[in-house]
Amino acid sequence: MKTFHCNRCQQHVFFENVQCESCDALLGYVPALSEISAFEAAGTSDVGAVSGGLWKSLHPQADGAVFKQCQNYALENICNWMIPAESTETLCPSCQLTHTIPNLAIPENRLYWYKLETAKRRLLYTISALGLGFKSRLIDPTGGLQFQFLEDAGPGMKVLTGHDDGLITMNIAEADDAKREKTREEMHEPYRTLLGHFRHEIGHYYFDQLVPGSQWEEPFRALFGDERADYGEALKAHYANGAPPQWEQSYVSAYATTHPWEDWAETWAHYLHIVDTVDTAAGCGLMLAPDDPNEPTLQDVAPVENASFERLIKRWFPLTYVLNSLNRSLGLADAYPFTLAPKVIDKLRFVHRVIASAEKAAEGQGAVTGQQPGLQSGDAEQLAQPENVGGAMPPVDAPVDQAGNAAAADSSMTSGPAEVTAAVPETAPMPMSNATSDSQNLR
């Protein structure tokens, strides 16, 4: 993710911020510009503006355009995205994708909802920056993208995080840092994050969109395996036997060994992890120029969208060395506890090529969030004939246990105005960028 600044005072601000801490200007994200903008009050309107409030953008690219706050920004303090003043919509493109939110009668659920939406918006930023389009279920009722945030309803009523034909379900317990860390330790995972879950699950969505029946289907099977293998049986075998010996030589995580679908989703999530982190480093102008010639260097700070896969991965290794070294100096665990074997790098390269080949199609359709497409791939000459780089999606990903997946009907509510039951920080801290899994490593 690139860096942002307040247009009024030039203070550095973050993607999640709603107010400049230097000059108190209202901040909001403008999807059409892919920018955080400062705003000043611009009167009132009857055209769908919450409480009639209109805001003039101070961003130079906005040309003085007027916007209104997303309803979940103005009323719920959950969002920070802006909508053109003339639009009849009351929810921003991100909030429109959320069908079900947690039950706000439970005070802590408001904070969990906030964390879930924050991670989702960062996911959508990266997806759009890569030039990938998507449709909401408002446009495509059967295969469009939609999210529901549910909670366990009691013994035997466990909500499973997973994907089903564009519907992504997230168990809100993953937004509870203590519970998520406890699960990570119980599952012997090196990494587990909320953003990682989103990246993994949307990988399943894009598999459906980009691979079956395309030029990539056979190369996918040569590299990841045959996705037509029985998913249920593969899942049972994984939980009964665990990952095979020396799985690290071919897979990015233990969970990726479960089935080709999960291998793709884990690799996809890891690719988003790499792209977002390298892009953030480039946006900050981060370079490594040590005096010791034996230390890794990093001189390439070109935008990620202009990088070939080889340039991207070449930047990744020195960056992770520094990230881990800095974390250890702070007494923290490694920020990047992974080793990428050659076959894993081949799989990441495959994901890169699939995304790059989809970019032009997404340009024609227009990404929902209105961001400019990315990935001007240095591998473009190889896209027409993909290298031999050696069904339907499951309704949900692998369960953490075998407890079932039903949720009580009254445990959630549809997205929209809701009673405020707990405070949410007005200026949110920037979350860490990370990778994903649904019930194993890369979350």
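This report walks through a few helices of a predicted model, along with the loops and turns around them.

## Helix H4 and its two faces

Let's start with H4, which covers residues 177–186. Its buried residues are Arg 180, Thr 183 and Arg 184. Looking down the axis of H4, you find these buried residues within an arc of 105°, so they line one face of the helix. Flip to the other side of H4 and you meet Ala 178, Lys 182 and Glu 185, which are exposed. And what do the buried residues of H4 pack against? Their partner is helix H5, residues 194–210.

The start of H4 has a side-chain contact as well: an oxygen from the side chain of Asp 176 comes to within 3.1 Å of the backbone nitrogen of Ala 178. After H4 comes His 188, with a positive phi near 55°.

## The loop from H4 to H5

His 188 sits in the loop between H4 and H5. It has that positive phi although it is not a glycine. Is His 188 buried or exposed? Its relative accessibility is 70%, so it counts as exposed.

Thr 193 belongs to the loop between H4 and H5 too, but with 12% relative accessibility it counts as buried. The Thr 193 side chain reaches the backbone nitrogen of Gly 196 at 2.9 Å.

## How H5 meets H3 and H8

A quick bit of background: a pair of packed helices is described by the angle between the two axes and the distance between them. Here is how that works out for the two pairs involving H5.

| Helix pair | Axes come within | Crossing angle | Handedness |
|---|---|---|---|
| H5 and H8 | 8 Å | roughly 115° | right-handed |
| H3 and H5 | 9 Å | roughly 50° | right-handed |

With that angle, H5 and H8 are roughly perpendicular to each other. On the H5 side, the contact is made by Arg 199, His 200, Ile 202, Gly 203, His 204, Tyr 206, Phe 207 and Leu 210. H8 brings Trp 261, Glu 262, Trp 264, Ala 265, Glu 266, Trp 268, Ala 269, Leu 272, His 273 and Asp 276 to this contact.

H3 (residues 107–129) crosses H5 at roughly 50°, and the two are therefore oblique to each other. From H3, the contact uses Lys 115, Leu 116, Ala 119, Lys 120, Arg 122, Leu 123, Thr 126 and Ile 127. From H5, it uses Leu 194, Leu 195, Phe 198, Arg 199, Ile 202 and Tyr 206. If you cross-check the lists, Arg 199, Ile 202 and Tyr 206 of H5 turn up in the contact with H8 and again in the contact with H3.

## Thr 277 in H8

Staying with H8, have a look at Thr 277, which is found in this helix. Thr 277 is buried, and its relative accessible area is 13%. Its C-alpha atom is 8.6 Å from that of Trp 316, although the two residues are 39 residues apart along the chain.

## Helix H7, from cap to end

H7 runs over residues 231–241, and its buried residues are Tyr 231, Ala 234, Leu 235 and His 238. They span an arc of only 100° around the axis, which puts them on the same side of H7. The helix repeat helps to picture this: an α-helix has 3.6 residues a turn, so residues three or four places apart point the same way. On the other side of H7, the exposed residues are Lys 236, Ala 240 and Asn 241. What covers the buried residues of H7? The cover includes helix H8, residues 260–283.

Both ends of H7 are worth a look. Its N-terminal end is capped by Asp 230, with a side-chain oxygen 3.1 Å from the backbone nitrogen of Gly 232. Just after H7 comes Gly 242, which takes a positive phi of about 75°.

## Another positive phi

One last residue to check is Asp 165, in the loop between strand S10 (162–164) and strand S11 (167–171). Asp 165 is not a glycine, yet its phi is positive, at about 50°. With a relative accessible area of 40%, Asp 165 is partly exposed.

Terms used. Residues numbered from 1 in each chain as written. Predicted model: local features only at pLDDT ≥ 70, side-chain atom pairs only at ≥ 80, totals over all residues. Heavy atoms only, no water. Buried < 20%, exposed > 50% of the residue type's maximum accessible area, 1.4 Å probe, protein only. Helix = DSSP H or I, 4+ residues; strand = E, 2+ residues; numbered from the N terminus. Arc of directions from axis to C-beta. Contact = heavy atoms within 4.5 Å. Polar contact = N/O pair within 3.5 Å; in protein donor to acceptor, adjacent residues only side chain to side chain. Axes fitted to C-alpha atoms, helices over the stretch in contact; angles between N-to-C directions. Parallel < 35°, antiparallel > 145°, perpendicular 65-115°, else oblique. Left-handed = near helix turned anticlockwise from the far one by under 90°.
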